[in-house]
There are 2 protein chains.
Amino acid sequence: MTSDQSRPGLRDRKKRQTRAALSAAALRLVAERGLDQVTVEEISEAADVSARTFFNYFPSKDEALLGDQPTEREVLAARIVAAPPELSAFDALRLAFDDVVEAIEADREVWLLRLRVIAANPSLLPRLISGNAETEQVIVAAVAARLGLDPCHGHPTLVTTVAGAVFRTALMQWVEQPGTTTLRELTAGAFAAVSAGLPDPYAAT
Amino acid sequence: MTSDQSRPGLRDRKKRQTRAALSAAALRLVAERGLDQVTVEEISEAADVSARTFFNYFPSKDEALLGDQPTEREVLAARIVAAPPELSAFDALRLAFDDVVEAIEADREVWLLRLRVIAANPSLLPRLISGNAETEQVIVAAVAARLGLDPCHGHPTLVTTVAGAVFRTALMQWVEQPGTTTLRELTAGAFAAVSAGLPDPYAAT
DNA sequence: AGCGATCTTGCAGGCAGTGCAAACTTTTAG
DNA sequence: CTAAAAGTTTGCACTGCCTGCAAGATCGCT
């Protein structure tokens with residue numbers, strides 16, 4: 001009875017809340033004290049659940065800090081195959097990352113905190129965005145499909161890992177800037193530099 | 001008295017031996033069973049030392065599998081600053097990695113095993129060669145010095161991370177090939193692709 | 001042989017992460 | 001409304017990584 005308009009159901013709402021609370025508590029505490037000065041127990045306590053429950057939501061302490069990678073992954077892959085066919089695979093990736101940029105700027109505060117945490121705890125950096133092995137495989141498969149190549153061909157892997165490195169670099173630059181530049185500009189600049197073959201700045205003919 | 005020709009001394013020789021034995025045992029066991037089916041205790045037992053001693057040599061189980069990164073790091077940095085000044089930073093890195101290629105081909109068997117282990121346990125991949133945060137900082141500093149830029153400028157970081165991604169990709173391709181290609185060729189091809197701006201294969205004008 | 005420096009080892013302990021089973025809560029069905 | 005079903009939280013026990021500390025073994029030098 002009562003209001004039945006909540007399509008997700010009470011159960012799902014609670015799960016979302018708990019997940020968000022754990023993630024937020026993890027970010028806040030690690031930002032304050034550093035990654036290995038915070039225990040899972042403390043994070044769980046701050047989110048009012050048991051430590052065991054933490055591991056029902058995240059397979060490791062790190063994952064609670066890195067955002068929702070499965071979602072990002074699907075969005076990215078979909079955008080890669082949907083990109084205009086006249087674009088090169090690298091340009092398709094560049095375009096796909098534009099949407100990630102948009103998503104990040106929509107959650108600006110959370111992402112700035114997350115990136116500050118990652119910058120302060122570099123062991124997290126490689127697993128950001130496309131660093132996860134599963135995520136990378138999905139992207140590589142999408143690129144390979146787009147090019148009509150075997151995934152065993154080296155090019156899809158090369159393009160994917162390079163684009164991931166470019167984007168990660170742009171993110172790290174963004175968070176180190178006082179706010180003088182937008183993430184969009186930094187990403188565009190980094191991708192453009194790679195497209196130009198990475199000439200030295202000002203030294204190109 | 002007696003033979004004094006051994007400059008390293010007995011002690012250093014033993015240390016080298018122990019380190020090598022631990023590394024070899026780790027590689028062999030993890031290749032056979034997988035990363036998390038091998039305990040540090042088992043590795044230490046296979047090398048005839050205590051588990052506690054393992055951690056006197058390597059700060060983590062992973063490090064025993066990844067080779068001697070501090071050495072690689074210094075070699076790379078030295079080669080970057082020593083590269084002909086007319087080369088772009090990216091080409092200097094390409095050249096520097098040529099020496100790493102040479103070192104790897106000199107230890108071909110060990111490196112093939114190591115790369116097979118890394119391919120089978122992808123959590124190790126990001127920390128290979130320049131994935132370590134410390135290593136990357138050293139390389140970025142060398143590149144920045146070469147360009148006469150602040151390390152806070154984004155370009156050194158971009159070039160370094162991209163080159164690292166390129167080289168890691170080449171390594172992974174190499175180990176997946178039956179042996180049809182040399183690492184040198186794969187590396188050269190991957191760097192050339194990036195220098196050309198990552199066009200699609202065969203689709204470039 | 002003996003002294004100092006270095007290396008190895010055992011021990012105690014903290015923390016991450018997993019499996020299992022009991023308690024609890026929401027959903028569904030009668 | 002009630003009771004079963006399905007899903008969630010929690011405690012407990014356990015393995016394994018990793019660290020600090022102090023005692024003992026080994027090596028290099030005189």
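**Figure 1. Helices of both chains line the surface near DNA strand D.** In this predicted model, the surface near DNA strand D draws at least two residues from each of four helices: α1 and α3 of chain A, and α1 and α3 of chain B. Counting heads, 20 residues surround DNA strand D. They divide into seven nonpolar, six polar and seven charged residues. The closest are A:Thr53, B:Arg11, B:Lys14, B:Arg52 and B:Lys61. Of the atoms of DNA strand D that come within 4 Å of the protein, sugar and phosphate account for 59%.

**Figure 2. Bases and a phosphate of DNA strand D meet the protein in this close-up of polar contacts**. Let us start with the bases. A polar side-chain atom of B:Arg52 sits 2.6 Å from a base oxygen of DNA strand D. From the other chain, A:Arg11 places a polar side-chain atom 3.2 Å from a base nitrogen of DNA strand D. On the phosphate side, look for A:Ser50: here a backbone N or O atom lies 2.9 Å from a phosphate oxygen of DNA strand D. B:Arg52 is also one of the residues that come closest to DNA strand D.

**Figure 3. Residues of chain A and chain B surround DNA strand C**. Which helices supply at least two residues each to the surface near DNA strand C? They are α1 (9-33) and α3 (51-57) of chain A, together with α1 (9-33) and α3 (51-57) of chain B. Among the 20 residues around DNA strand C, those that come nearest are A:Arg52, A:Lys61, B:Arg11, B:Thr53 and B:Tyr57. By residue class, this surface has seven nonpolar, six polar and seven charged members. Within 4 Å of the protein, 62% of the atoms of DNA strand C belong to sugar or phosphate, and the rest to bases.

**Figure 4. Three residues make polar contacts with DNA strand C in this view, A:Arg52, B:Ser50 and B:Thr53**. For the base, find A:Arg52, with a polar side-chain atom 2.7 Å from a base oxygen of DNA strand C. Chain B takes up the phosphate contacts shown here: an N or O atom in the side chain of B:Thr53 is 2.6 Å from a phosphate oxygen, while B:Ser50 uses a backbone N or O atom, 2.9 Å from a phosphate oxygen of DNA strand C. A:Arg52 and B:Thr53 also appear among the residues that come nearest to this strand.

**Figure 5. Chain B and chain A bury about 2400 Å² between them**. Carbon and sulfur atoms hold 71% of that area. In chain B, the residues that lose the most area to chain A are B:Leu158, B:Leu198 and B:Asp200, together 24% of what that side buries. How many salt bridges are counted between chain B and chain A? The count is zero. Polar contacts, on the other hand, number six residue pairs, both partners having pLDDT 80 or more. On the side of chain B that touches chain A, two or more residues come from each of α5 (89-106), α7 (133-147), α8 (154-176) and α9 (183-195). α8(B) gives the most to this side, with 11 residues. The residues of this side divide into 20 nonpolar, 10 polar and one charged.

**Figure 6. A rotation of 180 degrees superposes chain B on chain A**. The shift along the rotation axis is 0.0 Å, and the RMSD is 0.1 Å. Why is this pair described by a two-fold axis? Because the rotation of 180 degrees with 0.0 Å of shift is the relation of a two-fold axis. To locate the axis in chain B, go to B:Gly197, the residue of that chain that comes closest, with its C-alpha at 2.3 Å. The same surface serves both copies, as 100% of the contact residues of chain B recur in chain A. The contact takes 31 residues from each of chain B and chain A.

**Figure 7. Chain A has nine helices and zero strands**. From the N terminus on, its elements run α-α-α-α-α-α-α-α-α. For setting up your own view, the C-alpha atoms of chain A fill a box of roughly 65 × 40 × 30 Å along the principal axes.

How values were computed: Residues are numbered from 1 along each chain as its sequence is written. Chains are lettered from A and ligands numbered from 1 in the order in which they are written. This is a predicted model: local features need pLDDT of at least 70, side-chain atom pairs count only at pLDDT 80 or more; totals for chains, interfaces and linings use all residues. Side-chain values use heavy atoms; hydrogens and water are left out. A residue is near a molecule or strand if one of its heavy atoms lies within 4 Å of it. A polar contact is a pair of N or O atoms within 3.5 Å; within protein, one must be able to donate a hydrogen and the other to accept it, and residues adjacent in sequence count only if both atoms are side-chain atoms. Ala, Val, Leu, Ile, Met, Phe, Trp, Tyr, Cys and Pro count as nonpolar, Asp, Glu, Lys and Arg as charged, and the others, Gly among them, as polar. Contact means heavy atoms within 4.5 Å. Buried area is the accessible area (1.4 Å probe) that two parts lose on being put together, summed over both. A salt bridge is a side-chain nitrogen of Lys or Arg within 4 Å of a carboxyl oxygen of Asp or Glu. Copies are superposed by least squares on the C-alpha atoms of residues with pLDDT of at least 70 in both.
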